[in-house]
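User: I'm new to this structure and would like to talk through its pockets. Could you take me through them step by step?

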Amino acid sequence: MKDLRRLLGLFAPYTRWMLAGIALSLVVMLANIGLLALSGWFITAMAAAGLAHVSMDYFTPAAGIRGLAILRTGGRYLERLVTHEATLRLLAHLRVWFYEHLEPLAPARIQYYRGGDLLSRIRADIDTLDNFYLRVLAPSVAALIGVAILFGFMAVFSFPVALINLAGLILSGIGIPYLAHRAGKRPGGKAVEVRSTLRASVVDGIQGQGELRVYGASGRQIERVGELTHALIDQQHKLSRITGLATAGNGWITQLSIWFALLIAIPLVNQGMLSGPDLAMIALFVMASFETVSGLPLAFQNLGETLAAARRIFEIIDTCPQVEDPAVPAPRPSTADLHCKGVRMRYADDANWALNGFDLTLPAGHRVALIGATGSGKTTLINLLMRFWDYQDGSIMLGGRELREYSGEDLRRFCAVVSQRTHLFNTTIRGNLLLARPDADEVQIMAAAKQARIHDEIMGFPAGYDTFVGEAGIRLSGGQARRVAIARALLKDAPFLILDEPTEGLDADAEAHVLDAIESAMDGRSVLLITHRPHALRHMDEVYVIEHGRVVSHGAPADILHGDNALTAYTRLG
């Protein structure tokens, strides 16, 4: 019930759309039942009048039949339009809502989830939630109101028949759905879990195809996907059997209701309490009335799957961020000076210290490089500056204030980051650049590209800045992708520039181009550079050597590379 209440709370902004859809569903159901019942009465009445050679008013019922037919057709169109509009609005709202809650968790909390699993939650699981309104909530409310109206109408002709019809509708609309829900709860929940694992395995298999081939594990991955596929099919078979049994049960209850209704109504005809046309109308009315509850068994059978998907969504939503913003954040830093004193940080209570008494001073407008072996704590410092993780001890002062006093959003606006794992989205070069500054004009875009030494190469493409870069920038070379990222950082116009291995994985020519772009990008900014390349240090004012989370030496680049600790420094540079 808790999950249902939370879902209803999420749907609250679209109550009017949902109520409109429910009302139209009810109108369509009543029009369809009325059309069939009135048609049966009319045909029988016309036949009886012909046999008796008496006249009757056939204009009124004929007009009623035509009106109901028009109402059913028009209502069905509007019902589909409104309910699907409501569903699509709900799905759009849920995706934005989920992403807004997911973003503060990155990367500290979501590192424990596989990428394919997160993709499954934000797409497949949220898509599954449309079952709740479209196939559970709307049909249930419409059925409840519809059954009450049908009972009142039939009670006018025969109260016992109305009770028989009501009993059948209760069995078909509550009993069968309850049994279907109980039977489908376990396989439905299992299907959600298996489907999620299958998607994650397929995504991981595609993204890690190179590693799988190197280690000869492609076959095992294929077998794993096959096992998951068969497990999913097995759960779907179970759900299909439940659906078949529920459908058969509904048909059986419908037929019994018609028979019992006729057994009660026929004597009333003989007694003159009902006419022959009324008998035909009652039979068709009872049969058609089960349309109000016909979709409920499948809906409640799938409710287990819907609730399982909701729980997977709420599991992430209920996760507390690793870093909480202050209740009253300090204003954005006014100067880009950084001072770290005795900083200690570890990623888990039982983990080793990633930073253990780390000290660093970066005056505004200066350039500082950080070198050290892999795992020495360099990237951890960036995680702290971006407020992705928090530090346990020590002090980090930025712009004269403790880092914790700022909101993470303000800090990320204040800093521009270029890393070795540059991500370009599958859109145009212009679209990727505008992520940093959506309101930038063409002049500003080109100025940033020129400063990053990539403008001429972009203009060499047939489509220029409208060139699509492909998935993860695959249509660009490594050096071009890195310089597009630098141009994006420059377009952001942030006073603090963080460069995390910006030339890693590039050949000599691409590295030279990127270093030229970096030299231009550093003008007028405070710069923190993490690198293994000695060539990049020539642009630095000071170099810090870090080992096991603490600074072991620091000084001018020439002193570090050519002094007494030169061998140690080159070892740290790899």
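User: How do the residues of the lining of the second largest pocket divide into nonpolar, polar and charged?

Analyst: Happy to help! This is a predicted model, and in it that lining holds 10 nonpolar, 6 polar and 5 charged residues.

User: What makes Gly-295, which lies among the residues nearest the centre of the second largest pocket, count as polar or nonpolar?

Analyst: Gly is placed among the polar residues by the class rule, so Gly-295 counts as polar. Its companions nearest the centre are Glu-79, Arg-80, Leu-134 and Pro-139. By that rule, Glu and Arg are charged, while Leu and Pro are nonpolar.

User: Which element gives the largest share of the lining of the second largest pocket?

Analyst: Helix H5 (130-157) does, with 6 residues. Helix H2 (15-52), H3 and helix H10 (296-301) each supply at least two residues as well.

User: How much space lies in the largest pocket?

Analyst: About 2,300 Å³. Of the 44 residues that line the largest pocket, the closest to its centre are Tyr-99, Glu-103, Phe-388, Arg-412 and Phe-425. For the second largest pocket, the space is about 580 Å³.

User: Why is S6 called a strand?

Analyst: A strand needs a run of at least two E residues. S6 spans 415-419, so its run meets that cut-off. S6 also gives the largest share of the lining of the largest pocket, 5 residues.

User: Which domains does the lining of the largest pocket draw on?

Analyst: Domain 1 (1-158 + 297-321) and domain 2 (338-572) each give at least three residues. By class, that lining has 23 nonpolar, 7 polar and 14 charged residues.

Definitions and conventions. Residues numbered from 1 in each chain as written. Predicted model: local features only at pLDDT ≥ 70, side-chain atom pairs only at ≥ 80, totals over all residues. Heavy atoms only, no water. 1 Å grid on protein atoms, 1.4 Å probe; cavity = no way out; pocket = protein on both sides within 12 Å on 5 of 7 lines; lining within 4 Å. Points joined across faces, edges and corners; volume = space filled by probe spheres on them. Helix = DSSP H or I, 4+ residues; strand = E, 2+ residues; numbered from the N terminus. Domains from an automatic or database assignment.
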